[in-house]
Amino acid sequence: MSSSPALSPRGGRLAVLVVGLCWLAVLFDGLDMFIYGSVLPHLLETRTFGLTADQAGDLGSYATFGMLVGALTAGTVADRIGRKRLMTGCVTLFSLASGICAVSGGVAVFGLGRTLAGVGLGGLLPTAISMVSDYARGGRVALTIGLLMTAHHTGGILSAYVAKWLVEPVGWRAAFWVCVLPLLFVPVLLRFLPESLSFLVAKGRDAEARALADRYEVELPAATGGKSAADRWDALLGLFRGGEWLQTLLYWLASFGGLLLVYGVATWLPTLMRGEGYELGSALTFVVVFNLGGIVGMLAAGRAADRFGAPRVSALWFALTAAGVHLLGVHLATGVTMVVVFLTGVFLNSAQTMVYATVSLRSTPDNRATAVGWTSGMGRFGAVFGPWLGGQLLAAGHGDWGFTAFALAGVSSTVFIGVAALRSARQPRTGGDREAVAAH
C-alpha cells in the first residue's frame with residue numbers, strides 16, 4: 001500500500017469532489033478573514049462603537065490570535081474526531097461567530113465574535129490541506145494544495161465586493177450577515193465530503209476505509225505509526241542541537257516578519273489607502289487587485305523555487321515585497337498604484353510560503369514536519385502583532401508610517417532567510433512540498 005491513495009478514473013472524480021468542497025470551504029474562510037479589513041474604513045469613519053484606531057488594531061489581532069489557537073489545536077482535535085467533523089465544525093464556528101459580530105452592540109462582543117471566528121479559521125485551513133493531500137492524484141500534491149490556497153485569496157476578493165456593495169447602502173452589519181451564509185454549506189459537507197482515508201486507517205476503522213476505497217476504486221493508504229509525546233519532544237529538541245539553534249531562530253524570525261506582513265497588510269490595506277487620499281471604492285478595489293496578485297503568486301512561486309531554489313526565491317520575494325509595500329505609501333497615479341498593489345500581492349503572499357519550503361528542504365525527513373510546524377507556529381505571533389501594530393501607528397497619528405513599518409518587516413525577513421540560507425551547509429532534500437505549502 002502507498003502513503004496516499006492511488007486513483008482510478010473514478011477515483012479521480014472523487015479527488016475533484018473533495019478538492020471542490022474543500023476549495024469552497026476555504027473560500028468562505030478567506031471571506032470571513034478579510035471582511036474585517038474591508039469594512040474597517042467605514043467603522044473608523046463612522047466611529048461605530050466609538051471605535052478608535054488602536055482598538056481597531058486590537059480587534060484585528062483578536063482574530064489572528066484565535067487563528068493561532070485554532071492552528072495549534074487542529075491536528076490534535078482532528079486526530080480525535082476526524083478531519084471531516086473538524087472541517088464542518090470550523091465552518092459552523094466562524095459562521096456563527098460572524099453572526100455575533102453582526103448583532104454586537106459594543107467592542108467587547110464584537111471582539112469575542114472575531115476571536116471565535118479566528119479559532120474556526122485557523123483550524124479549517126490545515127485540515128482542508130490535509131484532506132486534499134489525501135485525495136490528490138499522484139505527483140500533484142503540491143499543485144493541488146496551491147490550487148486550494150487560491151480559494152483563500154478569492155475569498156479576499158469577494159470580501160471587497162461584499163463591502164463595496166453592502167456597507168454604504170445597507171450598513172456594515174450586512175457584510176457580516178453574508179459571512180453567516182456558509183452555515184448553509186455545512187449540510188453539503190456532511191452529506192458529500194468523505195472522511196479522510198488516512199484517518200480511518202490510522203484509527204483502525206478498516207471496514208469503513210475499505211468500503212470507501214472500494215466505492216471509489218482507490219487504494220488504501222499505508223498505516224503509519226503515530227509519534228509518542230517523547231518522540232515529538234525529542235524532534236523539537238533536535239532543532240537546537242549541534243549548533244542548529246541559530247538556524248532555527250533565523251527561520252522563526254523570518255516567519256514572524258512574513259506573517260506580520262501578510263496579516264498586517266490584509267487588515268489595514270483599505271484603511272491605509274484611504275489615508276493616502278483614495279476614495280473608499282478605490283481602496284476596496286486595491287483589495288481585489290492585491291488578492292488577484294496573491295492567486296498568481298501562489299501558482300507561480302513553486303515553479304520559480306523549483307528552478308532557482310526556495311531560499312533564493314524567498315529572500316528575493318521578501319525584498320520585492322518590501323519595495324512594493326513602501327511604494328504604497330507614496331501617492332502615485334492610480335494606474336501605477338494598481339500595478340504596485342498587484343505585484344506586492346504576488347510577492348507578499350508567496351514569500352511566506354517559500355520560508356516553509358526552505359525549512360522543509362533544509363530539514364531531515366524524520367524532523368521535517370516538526371521544523372515546518374514550529375516555524376509556522378512562531379510566525380503566527382507575527383500574525384497577531386501585525387494588525388495591532390497598524391492600529392497603534394494610526395492611533396499615534398503616524399498612519400503615514402504604516403507602510404514603512406510593514407516594509408521594514410519585509411526587509412528583516414529578507415535578511416533572516418538570506419543569512420539562514422547562506423549558513424546552511426545541508427544539501428536540499430526532496431519530498432517537502434506538502435509540508436511546505438500546508439504550513440501556510
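Author: A residue counts as buried when its relative accessible area is under 20%, as exposed when it is over 50%, and as partly exposed in between. The model discussed here is a predicted one.

Reader: Why is Thr 150 called buried?

Author: The relative accessibility of Thr 150 is 6%. The limit for a buried residue is under 20%, and therefore Thr 150 counts as buried. Thr 150 belongs to helix H5, which comprises residues 141-166.

Reader: What makes the pair of side chains of Thr 150 and Trp 23 a polar contact?

Author: A polar contact requires a pair of N or O atoms within 3.5 Å. The side chains of Thr 150 and Trp 23 are joined at 3.3 Å, and this counts as a polar contact. A polar atom of the Thr 150 side chain also lies 2.5 Å from the backbone oxygen of Leu 147.

Reader: Which residues does Thr 150 touch, not counting those up to four places away in sequence?

Author: Thr 150 touches Trp 23, Ile 295 and Leu 299. Trp 23 is thus named both for touching Thr 150 and for the polar contact with the Thr 150 side chain.

Reader: Why does Val 288 count as buried?

Author: The relative accessibility of Val 288 is 9%. With the limit set at under 20%, Val 288 therefore counts as buried. Val 288 has its place in helix H12, residues 280-308.

Reader: What separates the C-alpha atoms of Val 288 and Tyr 161 in space and along the chain?

Author: Val 288 and Tyr 161 are 127 residues apart along the chain, and 8.1 Å separates their C-alpha atoms. Tyr 161 is one of the residues that Val 288 touches, together with Ile 157 and Ala 160, when residues up to four places away in sequence are not counted.

Reader: How do you know that Ala 407 is buried?

Author: Ala 407 has a relative accessible area of 7%. A value under 20% is what the term requires, so Ala 407 is buried. Ala 407 lies in helix H16, residues 402-423. In sequence, Ala 407 and His 326 are 81 residues apart, while their C-alpha atoms are 5.5 Å apart in space. Ala 407 is in contact with Ala 322, Val 325 and His 326, leaving aside neighbours within four places in sequence.

Reader: What share of the residues in the protein is buried, and how many helices and strands does the protein have?

Author: Of the 440 residues in the protein, buried residues make up 56%. The protein has 17 helices and 0 strands.

Reader: Why do Arg 47 and Phe 49 count as partly exposed?

Author: Partly exposed covers the range between the limits of 20% and 50%. Arg 47 has a relative accessibility of 49% and therefore counts as partly exposed. Phe 49, at 28% relative accessibility, likewise counts as partly exposed.

Reader: Where do Arg 47 and Phe 49 lie, and what is the phi of each?

Author: Arg 47 lies in the loop between helix H1 (9-45) and helix H2 (53-81), and Phe 49 also lies in the loop between H1 and H2. Phi is near 55° in Arg 47 and near 60° in Phe 49. Most residues other than glycine have a negative phi. Arg 47 has a positive value and is a residue other than glycine, as is Phe 49.

Reader: What makes H11 roughly parallel to H13?

Author: Helix H11 (residues 244-275) and helix H13 (residues 310-328) pack at an angle of about 25°, with 12 Å between their axes. Angles under 35 degrees count as roughly parallel, and H11 is therefore roughly parallel to H13. Their crossing is left-handed. On H11, the residues in contact include Gly 258 and Leu 261; on H13, they include Phe 318 and Val 325. The residues of this contact divide into 7 nonpolar, 2 polar and no charged.

Reader: Why are H11 and H14 called roughly antiparallel?

Author: The axes of H11 and helix H14 (residues 334-362) cross at roughly 155° and come within 10 Å. An angle over 145 degrees counts as roughly antiparallel, so H11 and H14 are roughly antiparallel to each other. H11 passes H14 in a left-handed crossing. Among the residues making the contact are Tyr 251 and Ser 255 of H11 and Asn 349 and Arg 362 of H14. In this contact of H11 with H14, 11 residues are nonpolar, 6 are polar and 1 is charged.

Notes:
Residues numbered from 1 in each chain as written. Predicted model: local features only at pLDDT ≥ 70, side-chain atom pairs only at ≥ 80, totals over all residues. Heavy atoms only, no water. Helix = DSSP H or I, 4+ residues; strand = E, 2+ residues; numbered from the N terminus. Buried < 20%, exposed > 50% of the residue type's maximum accessible area, 1.4 Å probe, protein only. Polar contact = N/O pair within 3.5 Å; in protein donor to acceptor, adjacent residues only side chain to side chain. Contact = heavy atoms within 4.5 Å. Axes fitted to C-alpha atoms, helices over the stretch in contact; angles between N-to-C directions. Parallel < 35°, antiparallel > 145°, perpendicular 65-115°, else oblique. Left-handed = near helix turned anticlockwise from the far one by under 90°. Nonpolar A, V, L, I, M, F, W, Y, C, P; charged D, E, K, R; others polar.
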